[in-house]
Amino acid sequence: MVDSLIVEIDKTTGVNQKITSPEEIQVFNISSESAAQSAYRRLKADLIVTIGGVSTKGISRISKLPTPVIGLG
């Protein structure tokens, strides 16, 4: 699924942008809003994509997001 998202983001951003999602910064199995918030704060990225209700809701509760987030779910 992550690879499919990268393909779609590539289509949107164009050929001048390099989109990657290294496995070492991918986080799965978030079980609570606080875990999602903690994971978000540790990530160093230009864009974060959350998938699932718990992750998306947890991130949405952070008042100031320094990194853009796309939430699905």
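**Exercise 1. How many residues does helix α1 have, and what distance does the helix reach from its first C-alpha to its last?**

*Solution.* The model is predicted, and the steps below read its geometry as it stands. Begin with the boundaries: helix α1 covers residues 2-13, which gives 12 residues. Next, take the end-to-end distance, which is 16 Å from the first C-alpha to the last, and set it beside the expected span at 1.5 Å a residue, also 16 Å; the two values are close. Finally, look at what follows the helix: just after α1, G14 adopts a positive phi of about 90°.

**Exercise 2. Describe the largest pocket by its volume, its lining and the elements that contribute to that lining.**

*Solution.* The space in the largest pocket comes to about 910 Å³. Its lining is made of 32 residues, and those lying nearest the centre are S21, I25, L47, I48 and V49. Sorted by character, the lining residues comprise 21 nonpolar, eight polar and three charged. Turning to secondary structure, at least two lining residues come from each of α1, α2 (33-42), β1 (48-51) and α3 (53-60), and it is α1 that gives the most, with five residues.

**Exercise 3. Work out which side chains of β1 are buried, and place the strand beside its partner.**

*Solution.* The side chains alternate along β1, with I48 and T50 pointing to one face, where they are buried, and V49 and I51 pointing to the other, where they are not. The partner of β1 is strand β2 (residues 69-72), joined to β1 by four bridges in a parallel arrangement. Within this pair, T50 stands opposite G71 of β2.

**Exercise 4. Is S55 buried or exposed, and which residues beyond its sequence neighbours does S55 contact?**

*Solution.* First locate the residue: S55 belongs to helix α3. Its relative accessibility is 12%, and because buried means under 20%, S55 counts as buried. Once neighbours within four places in sequence are set aside, the contacts of S55 are I30, A36 and T50, the last of which is also one of the buried residues of β1.

**Exercise 5. Determine where Q26 lies, how accessible Q26 is, and how Q26 is placed relative to V49.**

*Solution.* Q26 sits in the loop between α1 and α2. Its relative accessible area is 24%, which means that Q26 is partly exposed, since that class falls between the 20% and 50% cut-offs. Leaving out neighbours within four places in sequence, Q26 is in contact with V2 and S21. As a last step, consider V49, which is 23 residues away from Q26 along the chain: the C-alpha atoms of the two are separated by 9.8 Å.

Notes
Residues numbered from 1 in each chain as written. Predicted model: local features only at pLDDT ≥ 70, side-chain atom pairs only at ≥ 80, totals over all residues. Heavy atoms only, no water. Expected span 1.5 Å × (residues − 1). 1 Å grid on protein atoms, 1.4 Å probe; cavity = no way out; pocket = protein on both sides within 12 Å on 5 of 7 lines; lining within 4 Å. Points joined across faces, edges and corners; volume = space filled by probe spheres on them. Nonpolar A, V, L, I, M, F, W, Y, C, P; charged D, E, K, R; others polar. Buried < 20%, exposed > 50% of the residue type's maximum accessible area, 1.4 Å probe, protein only. Contact = heavy atoms within 4.5 Å. Pairing = 2+ DSSP bridges.
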